[in-house]
Amino acid sequence: MAPSRILVTGGAGFIGSTVIATLLKKSSTQAVLNFDALTYAGNLLSLQEEAKDPRYTFQRASVQNLEEVQRALEDFQPDCILHLAAETHVDRSLNHPQTFLETNVLGTGILLQATSAYWESLPLEKADAFRFLHVSTDEVFGSLGDSGQFHQDSPYAPTSPYSASKSAADHLVRSWEKSFGLPCIITHGSNCYGPKQFPEKLIPLMILQALNGDSLPVYGDGQQIRDWIYVQDQADAIYQAACLGKPGGTYFTGGSQEQTNLLVVETLCRTLEEIGPFVESGFYKKKIKFVQDRPGHDYRYSMDCRKTQLDLDWKPHYAFADGLRETVRWYLNNPAWVKSIQTGEYRQWMDENYGWR
Ligand code: NAD
Ligand code: TYD
């Protein structure tokens, strides 16, 4: 059943902002609450159009704050929670693991605690229809070799503080479901790319480095493999999981488009040459620089998504080359978004307008 009052945590982030745009395109959506702490990765400029919709509300708050979560639940009365709020960058998790533990583990636990009390207070029919959807990652299953795929029964084997904290969050979700009956769904997404992604992840970082004439830092030999999914495809999968997912269900929302990092960067260089400012042929490719590898760098992720595609009546639509072109075009056409992030102007504006209560 399509949810109608949806609380989205992390809605000002990369995937969350596309999820909110997707929800607001549905006539069944009556109200969306974007519950986001606005860390460096959250950006309200990503929701300028959506903010004009009377069904949309924003609340600056943290999933780590029990009282704020309780108040949001009581005031908003959601029939569905889409939990995307997280610290998400592997490199940051290597340098600053504590925030990953605080947000991804403690924050998810607090959100579950408040949600379960709220859910228990609902009348039977509403409690039956309620869904808590937790957005997780393929990285919780660890690293694969050249062959094989993760399956629904693959064991957890995280290797970075990021993937370990997401694994812990998954276990908390499952424990609330088993112990208290909370109707929970988990989606495991693959590497996502598209407009409005903070330029610390591979693709937006490379786009902005290239446009600035800077070097393109490829870790190690660039032969690691990721499975890429365009953000609209990921948002559609999350929506379908909220509508059709079964409590207790695990869904693999991957793009089924594996590429080595080097190939991704080379394709990006060609795309920039085609649709970016004029440069001589091979200009960007010459900027590729092999740099020191990430410690514990996972070699390959790959999920068998066939069951999810059938269960959720969903499949990704964007071929990688097309999604990449859309992404490059968006960064070329949105210098204000990019500049706001780079200059810190945005942060100042945000703090003035949305200071902590
Ligand atoms: P992001 O880093 O772009 O955004 C995270 C959002 O969470 C930001 O808006 C931030 O302000 C908010 N946030 C952080 N801490 C918070 C807190 N304590 N309380 C409330 N809000 C908080 O993340 P993303 O790339 O959009 O990822 C969204 C979710 O999808 C995450 O849970 C991530 O683990 C998962 N995921 C992402 C990818 C990917 O490739 N981006 C792949 C698989 C799974
Ligand atoms: P990233 O976008 O950080 O996602 P994840 O680590 O969650 O997969 O990185 C994608 C791949 O690109 C990963 O194998 C690391 C690599 N990478 C680089 O080679 N150079 C970079 O500057 C970055 C940020 C990532």
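The following exercises, each with a worked solution, concern a predicted model of a protein with two ligands.

**Exercise 1. Overall form**

Determine how many helices and strands the protein has, and compare its radius of gyration with that of a compact globule.

*Solution.*
Step 1. The secondary structure comprises 13 helices and 12 strands.
Step 2. Along its principal axes, the C-alpha trace extends over about 65 × 50 × 40 Å.
Step 3. For 357 residues, a compact globule would have a radius of gyration near 21 Å. The protein has 20 Å, and therefore agrees with that expectation.

**Exercise 2. The surroundings of ligand 1**

Identify the closest residues around ligand 1, the backbone atoms that lie at short listed distances from its polar atoms, and the elements that contribute to its shell.

*Solution.*
Step 1. Ligand 1 is surrounded by 29 residues, of which the closest are Ile15, Asp36, Thr88, Tyr162 and Lys166.
Step 2. Two oxygen distances involve the backbone. From a backbone N or O atom of Phe14 to an oxygen atom of ligand 1 the distance is 3.0 Å. A polar backbone atom of Leu84 is likewise 3.0 Å from an oxygen atom of ligand 1.
Step 3. For nitrogen, a polar backbone atom of Ala37 is 3.1 Å from a nitrogen atom of the ligand 1 molecule. On its own, ligand 1 has 840 Å² of accessible area, and the protein covers 96% of this.
Step 4. At least two shell residues come from each of H1, strand S5 (131-137), helix H6 (161-180) and strand S7 (191-193). The greatest contribution is that of S5, with 3 residues.
Step 5. Sorted by class, the shell around ligand 1 contains 14 nonpolar, 13 polar and 2 charged residues.

**Exercise 3. The surroundings of ligand 2**

State which side chains have polar atoms at listed distances from oxygen atoms of ligand 2, and describe the shell around this ligand.

*Solution.*
Step 1. There are 16 residues around ligand 2; Glu139, Pro217, Arg226, Arg294 and His297 are the closest.
Step 2. Three of these residues can be examined through their side chains. A polar side-chain atom of Glu139 is 2.5 Å from an oxygen atom of ligand 2. For His297 the corresponding distance is 2.6 Å, and for Arg226 it is 2.8 Å. The protein covers 96% of the 500 Å² of accessible area that ligand 2 has on its own.
Step 3. Helix H7 (202-211) and strand S8 (216-219) each contribute at least two residues to the shell.
Step 4. The class division of the shell around ligand 2 is 7 nonpolar, 4 polar and 5 charged residues.

**Exercise 4. The second largest pocket**

Establish the volume of the second largest pocket, the elements that line it, and the element that gives the most.

*Solution.*
Step 1. The second largest pocket holds about 240 Å³ of space. Two or more lining residues come from each of helix H1 (14-24), helix H8 (231-244) and helix H11 (320-333).
Step 2. H11 gives the most to this lining, with 3 residues.
Step 3. Among the lining residues are Thr18, Ala21, Tyr230, Val231, Gln232, Glu326, Arg329 and Trp330.
Step 4. The lining is made up of 5 nonpolar, 2 polar and 5 charged residues.

**Exercise 5. The enclosed space**

Find the number of cavities of 30 Å³ or more, and describe the lining of the largest cavity.

*Solution.*
Step 1. Rolling a probe the size of a water molecule over the atoms shows where empty space is left.
Step 2. The count comes to 1 cavity of 30 Å³ or more. The volume of the largest cavity is about 60 Å³.
Step 3. The largest cavity is lined by 13 residues; closest to its centre are Val90, Thr159, Ser160, Gly296 and Asp298.
Step 4. By class, this lining divides into 4 nonpolar, 5 polar and 4 charged residues.

Technical notes:
Residues numbered from 1 in each chain as written. Chains lettered and ligands numbered in written order. Predicted model: local features only at pLDDT ≥ 70, side-chain atom pairs only at ≥ 80, totals over all residues. Heavy atoms only, no water. 1 Å grid on protein atoms, 1.4 Å probe; cavity = no way out; pocket = protein on both sides within 12 Å on 5 of 7 lines; lining within 4 Å. Points joined across faces, edges and corners; volume = space filled by probe spheres on them. Helix = DSSP H or I, 4+ residues; strand = E, 2+ residues; numbered from the N terminus. Nonpolar A, V, L, I, M, F, W, Y, C, P; charged D, E, K, R; others polar. Near = heavy atom within 4 Å. Polar contact = N/O pair within 3.5 Å; in protein donor to acceptor, adjacent residues only side chain to side chain. Areas by Shrake-Rupley, 256 points an atom, 1.4 Å probe, with all protein chains shown as cover. Rg over C-alpha atoms; globule rule 2.2 N^0.38 Å.
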